[in-house]
Amino acid sequence: MWRLLILLALWLGTEVVGGTELTTVQRRGLQVALEEFHKHPPVQWAFQETSVDSAMDMPFPAGTFVRLEFRLQQTGCRKKDWKKPECKVKPNGRKRKCLACIKLDPEHKVLGRMVHCPIETQGQVSRAEELQEPQCSKVQRAGEDPHSFYFPGQFAFSKALPPS
């Protein structure tokens, strides 16, 4: 009996730690990312989110930038039915590790998006994420005034030499 209670306590502990609670804007970003993923023609089957590995949001003057890393797994449904609750994950379905960068305005309308979900393989994920960072930065700046950011060296000031 004690073994069952200990196992139950351990399972409940992993469920709380493993499940990341998303904010409202992060949940909206995940929704946008899933919609974008299912629009692509090569995708024929519906995929379902199995976990969120990291979620971050950052406020900007034009809106909120959301960066998500999550995992998807293939279901038994066609991609047009991806929102249906009866679509269950296939135990041996394809898996994808996704990086999504979404910029939402204050009304949660999309200003910019980038979703990259390669098929999960060993070793190549970190290289793929490196290549996506410049696109993610571009999404982060979407809707912002290009003159609102000032970087060192952007302007040069020099004193004129006195006339000889």
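A residue counts as buried here when its relative accessible area is under 20%. Keep that cut-off in mind while we walk through this structure, which is a predicted model. Take Cys117: its relative accessible area is 8%, so it falls on the buried side. Its partner fits the bill too, since cysteine 98 has a relative accessibility of just 1% and therefore counts as buried.

Partner is the right word, because a disulfide is a pair of cysteine sulfur atoms within 2.5 Å, and the sulfurs of cysteine 98 and cysteine 117 sit 2.1 Å apart. The angle about that S-S bond is 120°, making the link right-handed. Cysteine 98 belongs to strand S3, while cysteine 117 is in the loop between strand S4 (110-116) and helix H3 (125-140), so this bridge ties together parts that are 19 residues apart in sequence.

The model has two disulfides in total. The other one joins cysteine 77 to cysteine 87, again with an S to S distance of 2.1 Å. This link is left-handed, with -115° about the S-S bond. Here cysteine 77 comes from strand S2 (residues 63-78) and cysteine 87 from the loop between S2 and strand S3 (95-104), so the pair connects parts 10 residues apart in sequence. Both cysteine 77 and cysteine 87 are buried.

Now back to Cys117, which turns up again in the lining of the largest pocket. That pocket has a volume of about 170 Å³. Also along its lining are, among others, Phe37, Trp45 and Phe47, plus Arg94 and Arg96. Sorted by character, the lining residues come out as six nonpolar, three polar and two charged.

Note on methods
Residues are numbered from 1 along each chain as its sequence is written. This is a predicted model: local features need pLDDT of at least 70, side-chain atom pairs count only at pLDDT 80 or more; totals for chains, interfaces and linings use all residues. Side-chain values use heavy atoms; hydrogens and water are left out. On a 1 Å grid over the protein atoms alone, a cavity is a set of points where a 1.4 Å probe fits but cannot get out, and a pocket is an open set with protein on both sides within 12 Å along at least five of seven lines; lining residues have an atom within 4 Å of a point. Grid points are joined across faces, edges and corners, and a volume is the space filled by probe spheres set on the points. Ala, Val, Leu, Ile, Met, Phe, Trp, Tyr, Cys and Pro count as nonpolar, Asp, Glu, Lys and Arg as charged, and the others, Gly among them, as polar. Helices (H or I, at least four residues) and strands (E, at least two) are DSSP runs, numbered from the N terminus. Buried means under 20% relative accessible area, exposed over 50%, partly exposed in between (1.4 Å probe, protein chains only).
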